[in-house]
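Hi,

Here is the structure I promised to pass on to you. Please open it next to this email and follow along as you read.

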Amino acid sequence: MKLFKFKGGVKPDPNKTVSTQLPMTAAPLVARYVVPLHQSVGGTPRPIVTVGDHVLKGQRVGEADGWVSAAVHAPTSGTVVEVGPHIIPHPSGLPTDCVVIEADGKDTWIERTPFDMSTATPDAVREYLRDMGIVGMGGAVFPSHVKLAVPKGKQVEQLIINGAECEPFITCDDRLMREQAEDVIQGSALFGKLVQANKVLIGIEDNKPEAIAAMKAAQTALNAPVEIITVPTIYPTGGAKELIRVLTGKEVPGSRRSTDFGVQVFNVATVQSAWRAITQGEPLISRIVTLSGAVGESRNWSVPIGMPICDLVALAQPKPEMDGVIMGGPMMGFRVPTTDAPVIKATNSLIVHAPGLFPPKPQELPCIRCGSCATACPQELQPFELYWWSRASKFDQLEKYKLFDCIECGCCDYVCPSHIPLVNYFRFAKSEIQAEQREKKVADAARERFEFREERAEREKREKAERLAKANAARQAAEAAAAAAEAAAPKAEEAAPDISSHPHQASTPIAVDNHPVLDAGAKQAAIAAAVERARVKREQHAGKPGSDAA
Ligand code: SF4
Ligand code: SF4
């Protein structure tokens, strides 16, 4: 198969051998697990347990909040002792709501029922995966069911399963492919079926020969409709857009989605966990974590989500000079704010940090405009421009130079002869812009609320004035009519002729209003009679007790 190249990239020391020598091991049970509710892109799941509840391993403790969200589950059986904020491994160091479970030591599962795929609709499969908490395990933690819903009118030509794992030190996908190749192949084929992909391509970097061999053997044994493609080792081939470029030759611009170009991408660990959820009824409650760095024993562990990082690190015999822990790799990772923070779904690697392992960077020097950073950038950005505008806090310029297309891969940092921590500048600028956008959103919402209130008050005032004007007009019209009637009544009386001798007066009352053919004389008589009746009535009324005249 013809492969393509992406622009830029670097070749850092892989440092992978040391953690791939030992087989994966399940981490032992610990006393407490801290399960963050928000572990995926999208809405924060709502807690559905309260303090004092006894939960089983695999029981849902937080349900998805909306479509772009994924449920979270108890990693072991025990008692919920707290639902509240705890610091999680995130660069912000901010706390977020977690369900804290005190383990009962029994590790008792819920009843696990495989999902019946034979009768399920694609929508039902996606809902099931959401409720089983399946998210992207490559670090992005995007809910997988959302990515499996192919937009209307789009066809997935290539479904890419990412087994490149290009970042130094990280080997969790390597060990997964070596040890559970059949699950990965089955999951890949399943996802290919769900998105009706024309082709399923599994890309693996050529520095993982054992994984490639295991995957090819599993593919042959299962006769699965997937292809295993070996790709050259160059950082960051494991970036979704870079792997798409290598395998298909398609360039996906920063602002576009890969599905616009007929491609969708999932990580190998994602398809494996989805396959286990469907065939074993097991939600995503654990993940493989590479634990390496300044430790006595580097290896991959199968770790329950929620296990405190300090408990996991203790298993690897950390060296006394340890001074922190990096989550992720040395290129894109970050120092965890505290080792009390738990392992989360995004924790693919923990590197125990020590000054000897990662010597401090030399003093930052001025940019010499050498352009090395631009040559190394796989996103074809101009990092030195981004650096200048970040330093100057010129956010409009940063947008012009496509700051948000930066995937924070660190290639520019890696090659910069002036040792400028470029990615730190970009992260800072991004967070400033996002904070500004958030503030603007809040201010806009407040302004809209104020304008709406003002407009409503204005409208109510206007409507009240109109109602008053109408009422005034009606009153005036009524008064005018009454005055006219008053004025008209005595004149008619004065003008009334003597009708006592009229032939109709005594015997036949005349219905004046309805009489169509009264001649002039009869009409006069009728009017006179009516006037006379009115006069009599007035006199009678004037004689009544309680009347004005009385
Ligand atoms: S590599 Fe460093 S010194 Fe060279 S242009 Fe980029 S930021 Fe400047
Ligand atoms: S960190 Fe950003 S700017 Fe630097 S090389 Fe990577 S994508 Fe380019």
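In this predicted model, helix α6 has six residues worth finding by eye: A211, I212, A214, M215, A218 and Q219 are buried. Looking down the axis of α6, you will see these buried residues fall within an arc of 165°, so they line one face of the helix. Turn to the other side of α6 and you meet T220 and A221, which are exposed.

What do the buried residues of α6 pack against? Their partners are the helices α4 (172–179) and α5 (181–194), together with the strands β10 (199–205) and β11 (227–231). The helix itself covers residues 209–222, and its 14 residues reach 20 Å from the first C-alpha to the last, close to the 20 Å expected at 1.5 Å a residue. Right after α6 comes N223, with a positive phi near 50°.

Next, have a look at strand β15 (residues 324–327). G324 and I326 point one way and V325 and M327 the other, yet all are buried. β15 runs antiparallel to β17 (residues 349–353), joined by four bridges, and V325 stands opposite V352 there. Two bridges also link β15 to β16 (residues 334–335), again antiparallel, with I326 opposite R335. β15 and β16 make a hairpin with six residues between them, and G328 in the turn has a positive phi of about 95°.

Last, the ligand. Which residue classes make up the shell around ligand 1? Eight are nonpolar, two polar and one charged. Among the surrounding residues are C367, C370, C373 and C416, as well as R369 and F384.

Enjoy exploring!

Terms used:
Residues numbered from 1 in each chain as written. Chains lettered and ligands numbered in written order. Predicted model: local features only at pLDDT ≥ 70, side-chain atom pairs only at ≥ 80, totals over all residues. Heavy atoms only, no water. Buried < 20%, exposed > 50% of the residue type's maximum accessible area, 1.4 Å probe, protein only. Pairing = 2+ DSSP bridges. Near = heavy atom within 4 Å. Nonpolar A, V, L, I, M, F, W, Y, C, P; charged D, E, K, R; others polar. Expected span 1.5 Å × (residues − 1). Arc of directions from axis to C-beta. Contact = heavy atoms within 4.5 Å.
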